[in-house]
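Work through the exercises below with the model in view. Try each task before reading its solution.

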Amino acid sequence: MAFRPSLRPGAPLLRRDATHLQVGTSPGIVIPDRPGLLPFLRLLDGARDVARLEELAPARCPELVGRIRPLLLELRAAGAVVDGATLVRPRIDHEVALQHDAGSASLVGSARALLEAAGLTHLDSTEPALIVLASHGEPARSDFERATLLGIDHLPVVVDEDRVRIGPLVSPGRAPCVSCHDRHRADWDPAWPALVHQLGRASTILLPAAVSAVATHAAAGELAVEVLTHAAGGPARTTGRCLVVGPAHDARTFWPVAFHPGCSCDLLTAA
Ligand SMILES: [Zn+2]
């Protein structure tokens with residue numbers, strides 16, 4: 001693809017002194033000035049290729065002498081100019097399904113906006129490679145049955161009191177599952193199976209969660225990172241681990257989830 005010169009994205013073009021220009025301020029790249037250089041630099045929008053710039057230069061910056069191509073290579077070597085073709089936002093084709101209930105809608109909505117801004121294209125796929133299952137409170141375990149049976153990767157997201165738990169990201173047969181998680185919990189809390197049985201029932205009193213708005217957005221950012229990592233082929237941080245965000249917006253806790261010897265999920269790939 002043709003080189004389409006662009007000034008450094010986001011960097012202001014400034015006059016440093018009578019004989020120098022400067023691109024950017026962090027810390028900035030200093031360029032010796034010469035007649036016609038400033039209007040020429042303003043032509044570098046990342047859309048025009050070198051041939052087009054050579055056509056435009058005589059009319060737009062008649063004072064500029066010398067050949068255009070070596071000048072551009074010099075500016076590129078200095079870092080003042082980059083190839084505009086590399087600045088185009090990538091389109092990420094990855095089949096994802098974002099599922100949520102009412103109590104997790106704002107978290108998933110924020111994550112959706114981030115993923116769309118990042119270029120992810122299929123967030124309501126009917127044939128997903130990844131299902132995000134968000135819920136307010138621990139969900140009924142039957143919610144995971146379909147994904148497990150079909151061998152679809154799935155990521156639980158639980159709005160839990162004043163924090164948000166993301167994970168474990170289950171790749172059926174290849175990474176520890178929600179049942180592994182429950183069996184480990186039952187090892188130290190014998191009543192856990194009885195409690196799990198009641199999860200997701202309408203009779204379970206569940207007041208609105210107390211996750212702050214900023215912690216919700218922070219969790220949405222972390223969720224978006226997990227989905228983008230999955231789209232890129234992983235490994236995601238929540239494979240074999242849970243990530244808990246909150247109660248403070250900058251509070252993060254990871255804890256591991258291993259295959260449980262009593263869970264048969266690791267036999268899926270052995271079969
Ligand atoms: Zn398991």
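**Exercise 1.** Find which exposed residues sit on the face of H4 turned away from its buried side, and list the buried residues of H4.

Solution. The model is a predicted one, in which local features need pLDDT of at least 70 and side-chain atom pairs count only at pLDDT 80 or more, while totals for chains, interfaces and linings use all residues. Residues are numbered from 1 along each chain as its sequence is written.

Step 1. Helices (H or I, at least four residues) and strands (E, at least two) are DSSP runs, numbered from the N terminus. A residue is buried if 20 or more other C-beta atoms lie within 10 Å of its own, exposed if 12 or fewer, and partly exposed in between, with C-beta atoms placed from the backbone.

Step 2. On the face of H4 turned away from its buried side are the exposed residues Glu116 and Ala117.

Step 3. Leu107, Val108, Ala111, Arg112 and Leu115 are the buried residues of H4. Seen down the helix axis, these buried residues fall within an arc of 135°, so they line one face of H4. The arc is that of the directions from the helix axis to the C-beta atoms.

Step 4. The cover over the buried residues of H4 includes S6, strand S7 (120-122), S8, S9, S10 and H8. Contact here means C-beta atoms, placed from the backbone, that lie within 7 Å.

Step 5. Just after H4 comes Gly119, with a positive phi of about 100°.

**Exercise 2.** Compare the expected span of H8 with the distance between its end C-alpha atoms.

Solution. Step 1. The expected span of a helix is 1.5 Å times one less than its number of residues.

Step 2. H8 has 19 residues and should therefore span 27 Å; its end C-alpha atoms are 27 Å apart, which agrees.

Step 3. Buried residues of H8 include Ala219, Leu223 and Val227. Gly233 follows H8 and has a positive phi near 100°.

**Exercise 3.** Which helix gives the most residues to the largest nonpolar core?

Solution. Step 1. A nonpolar core is a set of buried Ala, Val, Leu, Ile, Met, Phe, Trp, Tyr and Cys residues joined through C-beta atoms within 7 Å.

Step 2. The largest such core has 41 residues, and Leu107, Val132, Val157, Val164, Ala219, Leu223 and Val227 have the most contacts inside it. Elements that each supply at least two of its residues include strand S6 (92-99), helix H4 (105-117), strand S8 (130-136) and helix H8 (213-231).

Step 3. H8 gives the most to this core, with 8 residues.

Step 4. Not counting residues up to four places away in sequence, Val132 touches Val96, Leu98, Gln99, Leu155, Val157, Leu223 and Val227. Another core, of 9 residues, lies apart from the largest core and has Leu21, Val23, Ile31 and Leu44 among its members.

**Exercise 4.** Locate the cis peptide bond that joins Ser26 and Pro27, and the one from Gly167 to Pro168. Then find where Glu161 lies.

Solution. Step 1. Most residues other than glycine have a negative phi, and most peptide bonds are trans.

Step 2. The Ser26 to Pro27 bond has omega of about -5°, and Pro27 is in the loop between strand S3 (20-23) and strand S4 (29-32). For the bond from Gly167 to Pro168, omega is near 0°; Pro168 lies in the loop between S10 and H6.

Step 3. Glu161 is in the loop between S9 and S10. Its phi is positive, about 55°, although Glu161 is not a glycine. Glu161 is partly exposed, with 13 other C-beta atoms within 10 Å.

Definitions and conventions:
Contact = placed C-beta atoms within 7 Å.
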